[in-house]
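Let's take a walk through this protein together, starting with the overall plan and ending at one unusual loop residue. Have a look at the sequence and the fold before reading on.

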Amino acid sequence: MGDRVWSVRYNHSHDQLVLTASSDSRLILSNMVSISSEPFGHLVDDEELSEGEDNHQEDKSKEPLKDSVVSTYEEHEDSVYAAEWSSADPWLFASLSYDGRLVINRVPRALKYRILL
């Protein structure tokens with residue numbers, strides 16, 4: 001019998017962030033931009049375009065994010081049955097395994113800033 005996913009939760013503030021908890025004792029944080037309700041990329045107005053063409057290096061950091069696994073958390077020693085986002089902090093989440101271990105983690109800072117900026 002294969003591993004089972006016990007819990008899937010999306011972030012209510014940034015719905016492209018998805019947590020999955022499974023019987024292989026792993027919690028996976030994914031960035032699923034393709035299902036996000038937030039706009040893709042950066043909206044540019046005419047003033048920004050007229051500022052000059054010397055910002056080519058910044059353009060690379062503003063490339064749209066792609067669907068990907070952000071992190072795999074392996075702090076649990078038993079099946080992870082629950083995962084939940086904090087209702088007070090959209091960057092904080094918790095997971096609970098069968099053996100009673102509660103683990104609290106944060107969205108990596110680099111991804112947080114890519115989403116916000």
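What follows goes from the whole chain to the sheet, then the core, then a loop.

First, some ground rules: this is a predicted model, where local features need pLDDT of at least 70, side-chain atom pairs count only at pLDDT 80 or more, and totals for chains, interfaces and linings use all residues. Residues are numbered from 1 along each chain as its sequence is written, and side-chain values use heavy atoms, with hydrogens and water left out.

The protein has 3 helices and 7 strands; here helices (H or I, at least four residues) and strands (E, at least two) are DSSP runs, numbered from the N terminus. Read from the N terminus, the elements go β-β-β-α-α-β-β-β-β-α. Of the 117 residues, 29% are buried, meaning under 20% relative accessible area with a 1.4 Å probe and protein chains only, while exposed means over 50% and partly exposed is in between. Take the contacts (heavy atoms within 4.5 Å) between residues at least 6 apart in sequence: 50% of them join residues at least 24 apart.

Now for the sheet. It is an open one, made of 4 strands in the order 1-2-3-4 with antiparallel pairing; two strands pair if DSSP finds at least two bridges between them. Strand 1 (5–10) and strand 4 (68–73) are at the edges with a single partner strand each, so one side of each has no neighbour in the sheet. Strand 3 (residues 27–31) runs antiparallel to strand 4, and 5 bridges join them. Along this pairing, Leu27 sits opposite Tyr73 in strand 4.

Leu27 turns up again in the largest nonpolar core, which has 14 residues. Such a core is a set of buried Ala, Val, Leu, Ile, Met, Phe, Trp, Tyr and Cys residues joined through side-chain atoms within 4.5 Å. Leu17, Leu19, Leu27, Leu29, Trp85, Phe93 and Val107 touch the most other members. Two or more residues come from each of strand 2 (17–22), strand 3, strand 5 (80–85) and helix 3 (109–116). Leu19 is worth a click: setting aside neighbours within four places in sequence, its contacts include Ser7, Leu27, Leu29, Trp85 and Phe93.

Finally, find the loop between strand 2 and strand 3, where Ser25 lies. Ser25 isn't a glycine, yet it has a positive phi of about 65°. Is this serine buried or exposed? With 17% relative accessibility, Ser25 counts as buried.
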